[in-house]
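Student: Could you walk me through this structure, one question at a time?
Tutor: Gladly, let us take a look together.

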Amino acid sequence: MSAALARTAALPEAPRDVAGVVRDELGPRVGAIDGGLYPDGVLRGLGAAGAYAHHAQGTPAGLIRAVEAMAAVGSACLSTAFCVWCQDALAWYLAHGDAPARDRHLAGITSGVRLGGTGLSNPMKAFAGIEPLALTGRRVPGGYRVRGRLPWVSNLGPGHPFASIFALDDGRRVMAVFAAGQEGVAIAANARFVALEGTGTYTVMVRDAFVPDDDVIAPDAAAFVPRIRNGFVLLQAGMGLGLARGVAALMRADARGSRDGAALPLGAEGIDARAADLGTRLVHAAERHADPAAGAFRETLRLRLDMSWLALEAAQAAMLQFGARGYLEGSEPFRRLREAQFVAIVTPSVKHITRELARA
């Protein structure tokens, strides 16, 4: 067995039923999803196949299996893999949160019966000092009244739950579940993206919405976020790994281009070797996911950064191999290039990560 294959073997294969959903349900719809179709039926099928339940117990093995399921999706379509990550992230918060919210929402999310988003892009940036917290709240009998605006929340639709964090006047920060379309929570699509248009991404307007105590995930979000942030970021590895593997497969299938591009700096075998190395690092990082120390999180951030570079360089390599054929509108290499750029800008973005790592 080669060294690259030995490293790849450190990660378990995606469940056969997830692979079947990707092949039979997702594959035929990739073009439509890239054009803006939200793949709700595919996402529910992935939930029925167990894709969102692996990591709910918080074990390293469960995290890895969740990443592998996401990577199987991402090898075909990053838009759908991103929605899978949104679903996984919401399950991750709920699984580690307080009992009432966990009991009310977790089973529906892990099974895929309910689809939902994360809503933590702004809070994660706020905790890093990049931007202010967008939502504010006040205590009222039985819960909180919350207002504010979240620019981008994904995997949403009418009735879909999502989690976010709001600040109280006394300085505390509370993490809770909201629902798109509940009284005081409206969603609007006010932009069109160059990629991932089919991800159910909306601006959320929260206008004096009532959040009951039973929907509070963590009454002290400042203490809660360090407990879940490693998993939040590690789960994103499935997007980068999946895209890199899909690009490598695309390049290998292109017999004409693979001959012409043999002298390029990065080919399919090189992409696979780097993905295998990152997979091995992922296994080690998953074993430390429960460690809230800033050593552990910096390791996770470095891994996430390297995943971004691999996605970008792999997609660029495919464009160079295909040449003018990849530069046509609707071409597969161009779709993967647009998707790779998203891997690098989704929170935590390359810009965010490099800022965090530059801190002494």
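**The pocket, the sheet and the cores**

Tutor: Let us start with open space: in this predicted model, the largest pocket holds about 640 Å³ of space.

Student: Which residues lie nearest the centre of the largest pocket?
Tutor: The lining of this pocket is made up of 28 residues. Helix 6, helix 8, strand 2 and helix 14 each supply at least two of them. Nearest the centre lie Ser-121, Trp-152, Phe-342, Ile-345 and Val-346.

Student: What is the order of the strands in the open sheet?
Tutor: The sheet has seven strands, and their pairing is mixed. From one strand to the next, the twist averages 30°. Reading across the sheet, the order is 5-6-2-1-3-4-7.

Student: Why is one side of strand 5 and of strand 7 left without a neighbour in the sheet?
Tutor: Strand 5 covers 185-188 and strand 7 covers 216-218. Each has a single partner strand, so one side of each has no neighbour in the sheet, because both stand at the edges.

Student: How many bridges join strand 1 and strand 2?
Tutor: Strand 1 and strand 2 pair in the antiparallel sense. You can follow the pairing from Val-140, opposite Gly-143 in strand 2, to Gly-137, opposite Val-146 in strand 2. Their hairpin has two residues between the strands, and there Gly-142 takes a positive phi near 85°. The number of bridges between strand 1 and strand 2 is six.

Student: And what is the bridge partner of Tyr-144 in strand 6?
Tutor: Strand 2 also pairs with strand 6 (residues 202-212), in the antiparallel sense over eight bridges. Within strand 6, the partner of Tyr-144 is Val-211.

Student: Do strand 1 and strand 3 pair in the parallel or the antiparallel sense?
Tutor: Two bridges hold this pairing. One pair to look for is Thr-136 with its bridge partner in strand 3, Ala-167. The sense of the pairing is parallel.

Student: Which residue takes a positive phi in the hairpin of strand 3 and strand 4?
Tutor: These two strands run antiparallel and are joined by seven bridges. Phe-162, for example, stands opposite Phe-178 in strand 4. Between the strands of the hairpin there are five residues, and the one with a positive phi, near 95°, is Gly-171.

Student: How many residues of strand 3 are buried?
Tutor: Strand 3 spans residues 161-167 and is mostly covered. Helix 9 (residues 221-234) packs on the sheet, touching strand 3 as well as strand 4 and strand 7. Of the seven residues in strand 3, the number buried is six.

Student: Which helix gives the most to the largest nonpolar core?
Tutor: This core has 100 residues, and Trp-85, Tyr-93 and Ile-271 are among those with the most contacts inside it. The helix giving the most to this core supplies 14 residues, and its name is helix 6.

Student: How many residues are in the other core, which lies apart from it?
Tutor: Among its members are Leu-135, Val-174, Phe-178 and Val-185. You have already met Phe-178 opposite Phe-162. The count for this other core is 18 residues.

Note on methods:
Residues numbered from 1 in each chain as written. Predicted model: local features only at pLDDT ≥ 70, side-chain atom pairs only at ≥ 80, totals over all residues. Heavy atoms only, no water. Buried < 20%, exposed > 50% of the residue type's maximum accessible area, 1.4 Å probe, protein only. Helix = DSSP H or I, 4+ residues; strand = E, 2+ residues; numbered from the N terminus. Pairing = 2+ DSSP bridges. Core = buried A, V, L, I, M, F, W, Y, C linked by side-chain atoms within 4.5 Å. Axes fitted to C-alpha atoms, helices over the stretch in contact; angles between N-to-C directions. Contact = heavy atoms within 4.5 Å. 1 Å grid on protein atoms, 1.4 Å probe; cavity = no way out; pocket = protein on both sides within 12 Å on 5 of 7 lines; lining within 4 Å. Points joined across faces, edges and corners; volume = space filled by probe spheres on them.
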